[in-house]
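Here's a quick tour of one model, strand by strand and ring by ring. Have a look at the fold before reading on.

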Amino acid sequence: MTTFVLIHGAFSGGWSWDPVRGPLTMAGHEVITPDLPSQGDDQTPLSEITLDRYCDRAVEVLDRCREPVVLAGHSLGGISISQAAERRPGRIKLLVYVAAFLLPDGSSPKHFWGNQPVQSPVISHCDVSDDGVVTFRKEHIAGIIYNTSPQAAVEKAVRLQRPMARKPLGTPLRLSEENFGRVPRVYFEALEDKAIPIEYQRKMVQAMPCGKVVTFAADHAPMASATDQFVRELLALA
């Protein structure tokens, strides 16, 4: 049995992994899909949210697991799993980045997009308040995030999506070769992704090589839009 700890992305919650939770559990594995602070059903105030708070939640889960886990992060969840690997490398047997931010020490999503010729397709469809609350406009969920997913997945996201705090987007990662660098990693790339387009996913992988890259003909949420392949690939990693 393998324990999969699946960390969701921005504006989301553990619910985003619902399509794959059942099949992985039926195959005999343990699946843990926590809500990050202020996301999903968690009621932590947005004013208290930092990257450290996100990392703390992931580390809390890792510390409760009996054996090293497969730790996957979707989208913005990539920064959470990277920072968790720095703090608990011995608790993780594999990192899986799912159309996610895979960034080096000292970088952040804000820094990454600041060095690209285009603005982040997600942030360009957000409203940002003076107090640092970022709200993704729900009318763009279908076109930017779930553009090849079933309609049921779109409707669920529209219903459950929540605003997020801006601060984690600009917080530099603090990673070392001694800790983060010794954990094997895999990247799940999504060819039809409009949130982190494939050319930018591949830029990150080129800068931070992975032991394996798996390609999905899918949107930004391959767990919803390519569920069967997603489950097969995770089971192969188990």
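## The three-stranded sheet

Strand E6 (residues 133-136) pairs with E7 through two bridges, and the two run antiparallel. One spot to look at is Val134, which sits across from Met164 in E7. Keep in mind that this is a predicted model.

Zoom out a little and you get an open sheet of three strands, ordered E5-E6-E7 and paired antiparallel. Strand E5 (126-128) and strand E7 (164-165) are the edge strands; each has a single partner strand, so one side of each has no neighbour in the sheet.

## Strand E4 and its partners

Now over to strand E4 (residues 92-98). Six of its seven residues are buried, so the rest of the structure largely encloses this strand.

Who are its partners? Strand E3 (residues 69-74) pairs with E4 in the parallel sense, over six bridges, and Gly73 has Tyr97 of E4 as its bridge partner. Strand E8 (residues 185-190) also runs parallel to E4, joined to it by four bridges; here Val98 stands opposite Phe188 of E8. Add helix H3 (residues 77-87), and E3, H3 and E4 make up a right-handed β-α-β unit.

## Aromatic rings

The structure has eight aromatic pairs. Take Trp17 and Phe230: their ring centres are 6.2 Å apart with 50° between the planes, a tilted pair. Trp17 is in the loop between strand E1 (3-7) and helix H1 (18-26), while Phe230 is in helix H10 (residues 227-237), so this pair ties together parts that lie 213 residues apart in sequence. Trp17 counts as buried, at 0% relative accessibility, and Phe230 is buried with a relative accessible area of 0%.

Phe230 also pairs with Phe216: centres 5.8 Å apart and planes at 40°, so that pair is tilted. This one links strand E9 (residues 212-216), home of Phe216, with helix H10, and the two residues are 14 apart. Both Phe216 and Phe230 are buried. Put together, Trp17, Phe188, Phe216 and Phe230 form one aromatic cluster, and Phe188 is the residue that stands opposite Val98.

## The cavity

How many cavities of 30 Å³ or more does a search of the whole structure find? The answer is one. The largest cavity holds about 30 Å³ of space.

Its lining is made up of His8, Gly9, Ala10, Leu36, Gln39, Tyr54, Leu76, Gly77 and Ser80. Sorted by class, that gives four nonpolar residues, five polar ones and no charged ones.

Notes: Residues are numbered from 1 along each chain as its sequence is written. This is a predicted model: local features need pLDDT of at least 70, side-chain atom pairs count only at pLDDT 80 or more; totals for chains, interfaces and linings use all residues. Side-chain values use heavy atoms; hydrogens and water are left out. Buried means under 20% relative accessible area, exposed over 50%, partly exposed in between (1.4 Å probe, protein chains only). Two strands pair if DSSP finds at least two bridges between them. A crossover is right-handed if, with the strands pointing away from the viewer, the path from the first strand over the helix to the second runs clockwise. On a 1 Å grid over the protein atoms alone, a cavity is a set of points where a 1.4 Å probe fits but cannot get out, and a pocket is an open set with protein on both sides within 12 Å along at least five of seven lines; lining residues have an atom within 4 Å of a point. Grid points are joined across faces, edges and corners, and a volume is the space filled by probe spheres set on the points. Ala, Val, Leu, Ile, Met, Phe, Trp, Tyr, Cys and Pro count as nonpolar, Asp, Glu, Lys and Arg as charged, and the others, Gly among them, as polar. Rings of Phe, Tyr and Trp (its six-membered ring) pair if their centres lie within 6.5 Å; planes under 30 degrees apart count as stacked, over 60 as edge-to-face and the rest as tilted.
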